[in-house]
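Here is a briefing on a structure with its sequence. Look it over before reading on.

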Amino acid sequence: MQTKLDDKVRELWPRKVSGNVSSEEKENDGVYTVSAVVRLPDEGDSSNRPLLPLFSCPRRYSDFLQGSRESSGYLRERFEETDVLGPIAMALKAHSVQDSLKLILTAFPPRDTIMIEATPEAESTFPFYFG
Amino acid sequence: MAVDDILQDLLANSLPENKTQPAMNTDLPASGDTSASGPDKLVRALERQCSAQYTDPGPGIHFIGLLLAVFAAEIVSGYWAKNAQRIQGSENDPARLISCLYSGKEAAFVLAHPTEVVSQFKHKLNVDADKAGR
């Protein structure tokens with residue numbers, strides 16, 4: 001997984017060894033990552049499933065195997081299911097990818113997304129642990 | 001039903017221009033091309049479309065990144081809902097963790113097995129333990 005992420009970053013952002021943003025760069029010049037889990041049919045019928053898949057908090061990309069000693073990179077900006085549900089429901093009701101992406105890319109972010117206190121997931125290195 | 005439309009749209013985009021769309025749109029293209037699995041092709045097609053439309057989202061960049069990741073996961077979930085028999089017939093578990101990489105200029109997707117995350121993490125811990133033991 002991390003190797004694939006690293007390969008993709010080298011492909012698209014060849015000058016970015018890590019997602020750190022230098023003092024001369026704007027926040028959006030950095031590279032970030034966020035993940036979600038694909039749901040499979042054997043995980044129960046659709047009526048019993050949560051409305052949304054499990055998703056992580058956004059974090060700065062860093063080349064983990066390069067031995068970065070920095071913190072996990074999780075941002076203080078957090079989102080809840082209620083923030084995500086509306087735009088995703090609308091995007092999934094569109095009839096083309098283009099329309100779906102247009103809805104997503106113009107979605108308005110919720111207010112009050114900055115976490116003041118550190119949370120346990122902010123201190124872990126990876127967002128998901130699978131047995 | 002709309003997820004079907006989106007899947008159909010993506011799979012049509014994933015086909016080379018000189019090939020026609022397969023009759024069963026949510027199946028893999030019947031091209032014999034084994035270079036990538038169906039979900040991988042879907043994700044690549046989604047990435048291409050996203051690249052064409054993506055502009056700097058400004059202060060909402062992390063929210064947009066999250067929406068893209070969740071949307072991609074739901075699209076791949078929709079693919080597997082339509083192609084459950086492919087999971088049963090496969091030796092390997094399907095890749096289940098989709099990550100959206102994004103900046104102000106680009107957005108991209110990576111579909112992988114989450115167990116690889118754990119194995120990489122264990123490798124890292126072992127390396128650190130070796131270093132500490134020296």
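The notes below go from the chains to the sheet, then to the contact between chains and the helix packing. The model is predicted.

**The two chains**

- Chain A has four helices and two strands. Along the sequence, they follow the pattern α-β-β-α-α-α.
- Chain B has five helices and two strands. Its pattern along the sequence is α-α-α-α-β-β-α.
- Of the 131 residues in chain A, 28% are buried. In chain B, 40% of the 134 residues are buried.
- Now take the contacts between residues at least 6 apart in sequence. In chain A, 52% of these contacts join residues at least 24 apart. In chain B, 61% of these contacts do so.

**The shared sheet**

- What is the order of the strands in the sheet? Four strands form an open sheet, ordered 2(A)-1(A)-1(B)-2(B), with antiparallel pairing.
- Strand 2 of chain A and strand 2 of chain B (107-112) stand at the edges. Each has a single partner strand, so one side of each has no neighbour in the sheet.
- In general, strands of a sheet pair through backbone hydrogen bonds, either parallel or antiparallel.

**The pairs of strands, one by one**

- Within chain A, two bridges join strand 1 to strand 2 (residues 59-60), and these strands run antiparallel. Here A:Thr33 stands opposite A:Arg59.
- Between the chains, strand 1 of chain A pairs with strand 1 of chain B (residues 97-102). This antiparallel pairing has six bridges.
- Two bridge partners show how the chains line up. A:Ala36 is partnered with B:Ile98. A:Tyr32 is partnered with B:Tyr102.
- Within chain B, strand 1 and strand 2 are also joined by six bridges, in the antiparallel sense. B:Cys100 in this pairing stands opposite B:Phe109 of strand 2.

**Strand 1 of chain A: buried or exposed?**

- Six of the six residues of this strand (residues 32-37) are buried, so the strand is largely enclosed by the rest of the structure.
- A:Tyr32, A:Val34 and A:Ala36 point one way from the strand. A:Thr33, A:Ser35 and A:Val37 point the other way. Residues on both sides are buried.

**Where the chains touch**

- How many residues of chain B are in contact with chain A? There are 56, and they meet 56 residues of chain A.
- Several elements of chain B each supply at least two residues to this side. They include helix 1 (2-14), helix 4 (84-88) and helix 5 (114-133), along with strand 1 and strand 2.
- Helix 3 of chain B gives the largest share, with 17 residues.
- By class, this side of chain B has 36 nonpolar, twelve polar and eight charged residues.

**Helix 3 of chain B against the sheet**

- Helix 3 of chain B (residues 61-82) lies across strand 1 of chain A, and also across strand 1 and strand 2 of chain B. The helix runs at about 150° to strand 1 of chain B.

**Helix against helix, between the chains**

- Two packed helices are described by the angle and the distance between their axes.
- The axes of helix 3 of chain A (residues 97-105) and helix 3 of chain B come within 9 Å and cross at roughly 150°. The two helices are therefore roughly antiparallel to each other.
- On the chain A side, the contact has A:Ser100, A:Ile104 and A:Leu105. On the chain B side, it has B:Ile64, B:Leu67, B:Leu68 and B:Phe71.
- These residues divide into six nonpolar, one polar and no charged.

**Helix against helix, within chain B**

- The axes of helix 2 and helix 3 of chain B come within 10 Å and cross at roughly 145°. The crossing is right-handed.
- Helix 2 of chain B brings B:Gly38, B:Pro39, B:Leu42, B:Val43, B:Leu46 and B:Cys50 to the contact. Helix 3 of chain B brings B:Leu68, B:Ala72, B:Ile75, B:Val76 and B:Tyr79.
- Which classes make up this contact? It has ten nonpolar residues, one polar and no charged.

Note on methods:
Residues are numbered from 1 along each chain as its sequence is written. Chains are lettered from A and ligands numbered from 1 in the order in which they are written. This is a predicted model: local features need pLDDT of at least 70, side-chain atom pairs count only at pLDDT 80 or more; totals for chains, interfaces and linings use all residues. A residue is buried if 20 or more other C-beta atoms lie within 10 Å of its own, exposed if 12 or fewer, and partly exposed in between; C-beta atoms are placed from the backbone. Two residues are in contact if their C-beta atoms, placed from the backbone, lie within 7 Å. Two strands pair if DSSP finds at least two bridges between them. Axes are lines fitted to C-alpha atoms, for helices over the stretch in contact, and angles run from 0 to 180 degrees between N-to-C directions. Ala, Val, Leu, Ile, Met, Phe, Trp, Tyr, Cys and Pro count as nonpolar, Asp, Glu, Lys and Arg as charged, and the others, Gly among them, as polar. Angles under 35 degrees count as roughly parallel, over 145 as roughly antiparallel, 65 to 115 as roughly perpendicular and the rest as oblique. A crossing is left-handed if the near helix is turned anticlockwise from the far one by less than a right angle, and right-handed if clockwise.
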